Amino acid sequence: MRPLRNIVILTGAGISAESGIDTFRAADGLWEQHRIEDVATPEGFRRDPALVHRFYDARRAAVQRAKPNPAHRALARLDAEWPGALLIVTQNVDDLHERAGARRLLHMHGELLSALCAACGERHRWTGALGAGPACPGCGCAALRPDVVWFGEMPYGMERIYTALQQADLFVSIGTSGAVYPAAGFVAEARRWGARTLELNLEESEGSALFDETRLGRAGELVPAWVEEVLKA
Ligand code: BJW
């Protein structure tokens with residue numbers, strides 16, 4: 001087995017569940033309450049921007065009330081103490097990783113606390129509502145949309161992610177159902193380049209069979225224990 005130096009971590013909605021943020025595909029999750037086609041596609045936004053803004057404005061407000069949990073804090077500790085290369089790729093649009101202190105972080109599906117101008121393409125930090133049609137601070141147009149990646153759109157940072165996966169000795173997936181690509185394909189990509197693979201999740205996911213090891217349980221317990229293990233090895 002090659003020595004452990006380069007680590008890539010993929011996180012999903014499950015890591016923020018214990019902070020009170022809804023996941024997508026649980027029985028009481030966001031996709032039970034809203035149709036994906038209506039709120040998470042560019043076509044849905046064109047059809048009914050007010051509905052989409054209501055969906056994201058409510059989530060933006062909720063995220064600012066939430067607090068990082070022990071899993072976010074453990075990854076921030078790993079980020080601070082791990083001497084090798086590390087990249088935390090999150091599919092989450094909340095800011096709980098960075099509020100816990102993580103720095104080597106990439107938001108592949110965008111960020112709730114950011115607005116993207118559909119006219120000039122600039123991204124602006126945004127903590128308030130977008131529903132009232134505020135002007136873009138860059139170009140003045142009223143064309144701001146949530147800075148999140150909808151189905152059919154290209155996720156952020158793909159080149160950086162695939163480079164990190166090629167160099168990874170260990171790939172760890174935390175709290176994601178493995179239902180959405182390209183993130184669901186990262187485990188196969190990491191394996192192809194020789195990385196060991198570990199999944200930490202509440203229950204078996206669609207991709208569990210692809211991992212060398214799967215540990216089942218709550219992220220708030222599994223992640224701190226795994227981080228302790230890695231830093232002590
Ligand atoms: C716990 C826990 C606890 C709970 N502790 N665990 C056919 C085949 C292949 C691909 C496609 C296809 N048809 C279309 C596609 C592409 C499409 C896709 O994947 N569709 C699927 C439906 C098949 N993908 C795209 O369109 C993407 N773009 C793209 O592909 O561009 C082209 C491209 C080409 C080449 C290279 C690269 C790109 C874009 C996808 C955008 C996804 N956007 C969303 C919304 C973002 C904004 C928002 O937040 O509203 O992202 S959808 C939603 O799903 C969100 C999430 O990030 C994403 C993943 O969800 P996640 O995080 O896994 O959550 P859940 O709820 O599914 O799972 C939670 C897990 O946690 C569960 O397993 C629980 O058990 C666990 N859990 N509590 C530990 N306490």
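The questions and answers below go through a predicted model of a protein with a ligand.

Trainee: What is the strand order in the open sheet of 6 strands?

Mentor: The pairing in this open sheet is parallel. Its 6 strands follow the order β3-β2-β1-β7-β8-β9.

Trainee: Which strands stand at the edges of that sheet, and why is one side of each left without a neighbour?

Mentor: An edge strand here has a single partner strand, so one of its sides has no neighbour in the sheet. The two strands in that position are β3 and β9 (213–216).

Trainee: By how many degrees are neighbouring strands of this sheet turned against each other on average?

Mentor: The value is an average over neighbouring strands of the parallel sheet, and direction is ignored. The angle is 15 degrees.

Trainee: Is strand β1 (residues 7–11) largely enclosed or largely open, and how many of its residues are buried?

Mentor: Buried means under 20% relative accessible area. I7, I9 and T11 point one way from β1, V8 and L10 point the other way, and all are buried. Strand β1 is therefore largely enclosed by the rest of the structure, and its buried residues number 5 of the 5.

Trainee: Which residues are the bridge partners of V8 in β2 and in β7?

Mentor: β1 pairs with β2 in the parallel sense over 5 bridges. β1 also pairs in the parallel sense with strand β7 (residues 170–174), again over 5 bridges. For V8, the partner in β2 is L87, and the partner in β7 is F171.

Trainee: And which residue in β7 is the bridge partner of T11?

Mentor: T11 is one of the β1 residues that point the same way as I7 and I9. Its bridge partner in β7 is I174.

Trainee: What is the order of the open sheet of 3 strands, and which strands are its edges?

Mentor: This sheet has antiparallel pairing and the order β5-β4-β6. An edge strand pairs on one side only, and that holds for β5 (123–125) and β6 (144–148).

Trainee: By how many degrees are neighbouring strands turned in this sheet?

Mentor: As before, direction is ignored and the value is an average over neighbouring strands. For the antiparallel sheet it is 45 degrees.

Trainee: Which residue in β6 stands opposite G110?

Mentor: Strand β4 (residues 110–117) and β6 run antiparallel and are joined by 5 bridges. Opposite G110 in β6 stands V148.

Trainee: Which residues are closest to the ligand?

Mentor: The ligand is surrounded by 35 residues. This shell divides into 18 nonpolar, 11 polar and 6 charged residues. The closest are R25, R59, T176, S177 and Y181.

Trainee: Where do backbone N or O atoms lie by the ligand, and how much of the ligand does the protein bury?

Mentor: A backbone N or O atom of F24 is 2.8 Å from a ligand oxygen atom, and one of Y181 is 2.7 Å from a ligand oxygen atom. For L202, a backbone N or O atom lies 3.2 Å from a nitrogen atom of the ligand. Taken alone the ligand exposes 1500 Å², and the share of that buried by the protein is 75%.

Trainee: Is the peptide bond from Y181 to P182 cis or trans?

Mentor: Most peptide bonds are trans. P182 lies in the loop between β7 and α8 (186–192). For the bond from Y181 to P182, omega is near 5 degrees, and the bond is cis.

Trainee: Is H107 buried or exposed, and which side chain does it join in a polar contact?

Mentor: H107 belongs to strand β3 (residues 105–107). Its relative accessibility is 9%, so H107 counts as buried. The polar contact is 2.9 Å long, and the partner side chain is that of E98.

Trainee: Is W82 buried or exposed?

Mentor: W82 sits in the loop between α5 (70–81) and β2 (86–90). C-alpha to C-alpha, W82 is 24 Å from V93, while the two are 11 residues apart in sequence. The relative accessible area of W82 is 10%, under the 20% limit, so W82 is buried.

Trainee: Is R65 buried or exposed?

Mentor: R65 is in helix α4 (residues 49–65). R65 and G20 are 45 residues apart in sequence, with their C-alpha atoms 9.5 Å apart in space. Exposed means over 50% relative accessible area; at 62%, R65 therefore counts as exposed.

Definitions and conventions
Residues numbered from 1 in each chain as written. Predicted model: local features only at pLDDT ≥ 70, side-chain atom pairs only at ≥ 80, totals over all residues. Heavy atoms only, no water. Near = heavy atom within 4 Å. Polar contact = N/O pair within 3.5 Å; in protein donor to acceptor, adjacent residues only side chain to side chain. Areas by Shrake-Rupley, 256 points an atom, 1.4 Å probe, with all protein chains shown as cover. Nonpolar A, V, L, I, M, F, W, Y, C, P; charged D, E, K, R; others polar. Pairing = 2+ DSSP bridges. Helix = DSSP H or I, 4+ residues; strand = E, 2+ residues; numbered from the N terminus. Axes fitted to C-alpha atoms, helices over the stretch in contact; angles between N-to-C directions. Buried < 20%, exposed > 50% of the residue type's maximum accessible area, 1.4 Å probe, protein only.
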